[in-house]
Amino acid sequence: MTPTSEPYQLRGHIVPPRRVVDIRDAAEGVRSFLKLPDGKVDLEPFLESLSQYGLTVDVVEDDDFTLMMAGVEAVCIPETATIMLTSQTYQAARRNDPRTRFTIFHELGHFMLQHTKTLPRKNVEAKAYIDSEWQADQFAAEMTMPLKVMQARSLLTAATVAAFFGVSIPAAEYRLRQLRRQKAL
């Protein structure tokens with residue numbers, strides 16, 4: 001870290017550290033286990049199928065979403081194997097909204113990575129790899145835009161990534177920047 005760089009700001013809870021490659025491996029295993037297609041995942045049947053794996057998806061009315069802070073679209077409670085979606089988020093999922101696709105897989109990431117709330121440890125320097133939100137974002141990126149598929153199909157522009165996987169252009173742009181920094185593409 002250079003003296004002028006800003007320290008990393010945790011967005012979530014401190015969790016056991018995970019490398020990108022470890023999260024990628026976990027996502028590939030989940031994709032394989034669930035037999036997900038290479039391209040877009042149809043969200044409504046996907047959400048309905050989660051119950052056969054012991055994961056509950058609860059839809060709550062937007063104005064009765066008392067467990068979450070204002071503006072939160074979904075939450076995962078790994079301890080109870082529950083993903084809660086606002087009614088608005090569920091309706092967007094039924095329309096296969098690109099932004100909601102990432103949200104759904106982000107919440108699945110919290111479950112699959114077993115993120116539980118912990119008390120912050122004193123004197124811990126914040127790093128992305130110990131942030132539950134960074135890890136869930138990485139899991140969602142790996143699930144919705146798998147590297148192996150991007151490489152095999154030469155998906156190298158935001159437009160082609162977004163169209164093939166049904167994700168938003170900003171998500172595709174971020175994913176491409178990240179993979180290029182890692183020299184994976």
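In this predicted model, the largest cavity is lined by Arg 31, Gly 39, Lys 40, Val 41, Arg 101, Phe 105, Met 143, Thr 144, Pro 146 and Phe 165. Two elements, α4 and α5, each give two or more residues to this lining. The volume of the largest cavity is about 40 Å³, and a search of the whole structure finds 1 cavity of 30 Å³ or more. Sorted by class, the lining of the largest cavity comprises 5 nonpolar, 2 polar and 3 charged residues.

**The largest pocket**

The largest pocket has a volume of about 1100 Å³. Its lining consists of 37 residues, and those nearest the centre of the pocket are Ala 74, His 106, Glu 107, His 110 and Glu 133. At least two residues of the lining come from each of β2 (74–77), α4 (98–112), α5 (132–144) and α8 (169–181). By class, the lining of the largest pocket holds 16 nonpolar, 12 polar and 9 charged residues.

**Packing of the helices**

General terms help in reading what follows: two packed helices are described by the angle between their axes and the distance between the axes. The table sets out three helix pairs.

| Helix pair | Angle between axes | Distance between axes |
|---|---|---|
| α1 and α5 | about 50 degrees | 9 Å |
| α4 and α5 | roughly 120 degrees | within 7 Å |
| α7 and α8 | roughly 120 degrees | within 8 Å |

Helix α4 meets α5 with axes that come within 7 Å and cross at roughly 120 degrees. That angle makes α4 oblique to α5. The crossing of α4 past α5 is right-handed. On the α4 side, the contact involves Arg 101, Phe 102, Phe 105, His 106, Leu 108, Gly 109, His 110 and Met 112. On the α5 side, the partners are Ser 132, Glu 133, Ala 136, Asp 137, Phe 139, Ala 140, Ala 141, Met 143 and Thr 144. This contact of α4 with α5 contains 9 nonpolar, 5 polar and 3 charged residues. Several names recur from the sections above: Arg 101, Phe 105, Met 143 and Thr 144 also line the largest cavity, while His 106, His 110 and Glu 133 are among the residues nearest the centre of the largest pocket.

Helix α5 also packs against helix α1 (residues 20–34), at an angle of about 50 degrees and with the axes 9 Å apart. The two helices, α1 and α5, are therefore oblique to each other. Their crossing is right-handed. From α1, the contact draws on Val 20, Ile 23, Arg 24, Ala 26, Ala 27, Val 30 and Arg 31, and from α5 on Trp 134, Gln 135, Gln 138, Phe 139, Glu 142 and Met 143. The contact of α1 with α5 divides into 8 nonpolar, 2 polar and 3 charged residues. Of these residues, Arg 31 and Met 143 also appear in the lining of the largest cavity.

A further pair is formed by helix α7 (residues 158–165) and α8, whose axes come within 8 Å and cross at roughly 120 degrees. Helices α7 and α8 are therefore oblique to each other. Here too the crossing is right-handed, as α7 passes α8. The residues Ala 158, Ala 159, Val 161 and Ala 162 of α7 meet Ile 169, Ala 172, Glu 173 and Leu 176 of α8. By class, the contact of α7 with α8 has 7 nonpolar residues, no polar residues and 1 charged residue. Helix α8 thus takes part in the contact with α7, and α8 also supplies at least two residues of the lining of the largest pocket.

Key:
Residues are numbered from 1 along each chain as its sequence is written. This is a predicted model: local features need pLDDT of at least 70, side-chain atom pairs count only at pLDDT 80 or more; totals for chains, interfaces and linings use all residues. Side-chain values use heavy atoms; hydrogens and water are left out. On a 1 Å grid over the protein atoms alone, a cavity is a set of points where a 1.4 Å probe fits but cannot get out, and a pocket is an open set with protein on both sides within 12 Å along at least five of seven lines; lining residues have an atom within 4 Å of a point. Grid points are joined across faces, edges and corners, and a volume is the space filled by probe spheres set on the points. Helices (H or I, at least four residues) and strands (E, at least two) are DSSP runs, numbered from the N terminus. Ala, Val, Leu, Ile, Met, Phe, Trp, Tyr, Cys and Pro count as nonpolar, Asp, Glu, Lys and Arg as charged, and the others, Gly among them, as polar. Axes are lines fitted to C-alpha atoms, for helices over the stretch in contact, and angles run from 0 to 180 degrees between N-to-C directions. Angles under 35 degrees count as roughly parallel, over 145 as roughly antiparallel, 65 to 115 as roughly perpendicular and the rest as oblique. A crossing is left-handed if the near helix is turned anticlockwise from the far one by less than a right angle, and right-handed if clockwise. Contact means heavy atoms within 4.5 Å.
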